[in-house]
Amino acid sequence: MMNAQATPAEVANVMQHVRDRGYKPIELPGADRLAIGVLGSNPSSIRDAVVALPGVVAAIPVSKPYKMVGLEWHPERSVVNVGGVPIGDGSLVVAAGPCAVESEAQLLETAAGVAAAGAGLLRGGAYKPRSSPYSFRGLGAQGLEHLRAAREVTGLPVVTEVLTPSDVAVVAEAADMLQVGTRNAQNFSLLEAVGEARKPVLLKRGLSNTVEEWLLSAEYIVAHGNNDVVLCERGIRTFESSTRNTLDLSAVPLVKSLSHLPILVDPSHATGHRHLVPSMALAAVAAGADGLLIEVHPSPDDALSDGPQSLTLEQFASLMDDVRRLVTALRHELVGVPSHEAR
Ligand code: PEP
Ligand code: MN
């Protein structure tokens, strides 16, 4: 932490000292402070030397193992712009679409339907991670073409999954946002590769990841130069087998208390059952999520993947009506009811 009157030369001197000792200095954002973050293994070993430099007032250890994604380091909330759609600015964004892009007709019908119902982003998989090698694994490059066509027609920015570092360039060229799925949430070479991409990343929580592990995965992406990370809670593995996963909604306020990154909730993969999706979607909005990820298919019974959890277009439109009512009600509470202090 630099003295508020520290000169640019003093700041540069501290940066150089940190570099000379083999650590990475980063100037930290902040309206009312001038701070330099020090990244590397065991930075406390250079603490005394740094504190003694001119212009330095204190060296404060960051208590969490993730640094750049934590609130200690970056107290202002991040807003991630996805093809012109902001996530994390206080509005609620809904990303919707089929689990897999199956054909141009299927995608265009779904895209038009979710756009009309109020979705802000179109989400569909061209490259699908499947538990069984015999399941439909997506249309690949052809699927990316269909996604481009759907964006053209609807104007919705496109979110799609990337499975391997070697596909990042081609997927990033077609997509407005790269999804890293639950199975790849700790694929560190993929995290590094999307960290080098110039597109926002939607990072799903790993099937059995703690919140700390998940934030460390986000840290990989940010540490590789990509600040535009949005987290997505999609349920975790527990002993319960009547739902596909267990939706950890407490992760929403918990993540908000630890990190400046926006967070979406995916009730489709979390529950695995269409009839459970609307109530969990509304609960996620109430819990403070910045948005939702919902699987929608024009004919879920015929879907090539995740049909049982996909909403029909009609069900999605009806959920969106409820979401709008809930958002309005929550806002009315905030705007219309005097706060505790005011009373
Ligand atoms: C998906 O979004 O279709 C998907 C495969 O999700 P997850 O990685 O959360 O299972
Ligand atoms: Mn799916």
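Start at His-260, in the loop between α8 (251-258) and β11 (263-265). The model on screen is predicted. His-260 counts as buried, because its relative accessibility is 5% and the limit for buried is under 20%. Show the side chain of His-260 and look for two partners. One is Met-68, whose backbone oxygen lies 2.7 Å from a polar atom of the His-260 side chain. The other is Ser-78, whose side chain makes a polar contact of 2.7 Å with that of His-260.

Next, select strand β10, residues 229-233. How many of its residues are buried? The count is 5 of 5, and the strand is mostly covered. Turn the view to see each face of β10. Val-229, Leu-231 and Glu-233 are on one side, Val-230 and Cys-232 are on the other, and all of these are buried. Now add strand β9, residues 201-204, which pairs with β10 in the parallel sense over 4 bridges. To find one of the bridges, pick Val-201, whose partner in β10 is Val-229.

From the strands, go to ligand 1. There are 13 residues around ligand 1, and those that come nearest are Arg-123, Lys-128, Thr-182, Lys-204 and Arg-234. Colour the shell by residue class: 7 of its residues are charged, 4 are polar and 2 are nonpolar. Then display distances from the oxygen atoms of the ligand. A polar atom in the side chain of Arg-234 is 2.6 Å from a ligand oxygen. For His-269 the distance from a polar side-chain atom to an oxygen of ligand 1 is 3.0 Å. For Arg-183, an N or O atom of the side chain is 3.2 Å from an oxygen of the ligand. On its own, ligand 1 has 300 Å² of accessible area, of which the protein covers 98%.

Keep His-269 selected and move to the manganese ion, ligand 2. Which protein atoms are its donors? They are SG of Cys-99, NE2 of His-269, OE of Glu-295 and OD of Asp-306, at 2.0 to 2.4 Å from the ion. Along the sequence, the donor residues follow the spacing C-x169-H-x25-E-x10-D. Cys-99 sits in the loop between β5 (93-97) and α3 (104-117), and Asp-306 in the loop between β12 (291-295) and α11 (313-336), so this pair ties together parts that are 207 residues apart in sequence.

Finish with the cover over those two donors. Cys-99 is buried, at a relative accessible area of 4%. Asp-306, at 17%, is buried as well.

Technical notes: Residues are numbered from 1 along each chain as its sequence is written. Chains are lettered from A and ligands numbered from 1 in the order in which they are written. This is a predicted model: local features need pLDDT of at least 70, side-chain atom pairs count only at pLDDT 80 or more; totals for chains, interfaces and linings use all residues. Side-chain values use heavy atoms; hydrogens and water are left out. A residue is near a molecule or strand if one of its heavy atoms lies within 4 Å of it. A polar contact is a pair of N or O atoms within 3.5 Å; within protein, one must be able to donate a hydrogen and the other to accept it, and residues adjacent in sequence count only if both atoms are side-chain atoms. Accessible areas come from the Shrake-Rupley method with a 1.4 Å probe; for residues, only the protein chains shown count as cover. Ala, Val, Leu, Ile, Met, Phe, Trp, Tyr, Cys and Pro count as nonpolar, Asp, Glu, Lys and Arg as charged, and the others, Gly among them, as polar. Donors are N, O and S atoms within 2.8 Å of the metal (3.2 Å for Na, K and Ca); water is not among the atoms, so sites may look incomplete. Helices (H or I, at least four residues) and strands (E, at least two) are DSSP runs, numbered from the N terminus. Buried means under 20% relative accessible area, exposed over 50%, partly exposed in between (1.4 Å probe, protein chains only). Two strands pair if DSSP finds at least two bridges between them.
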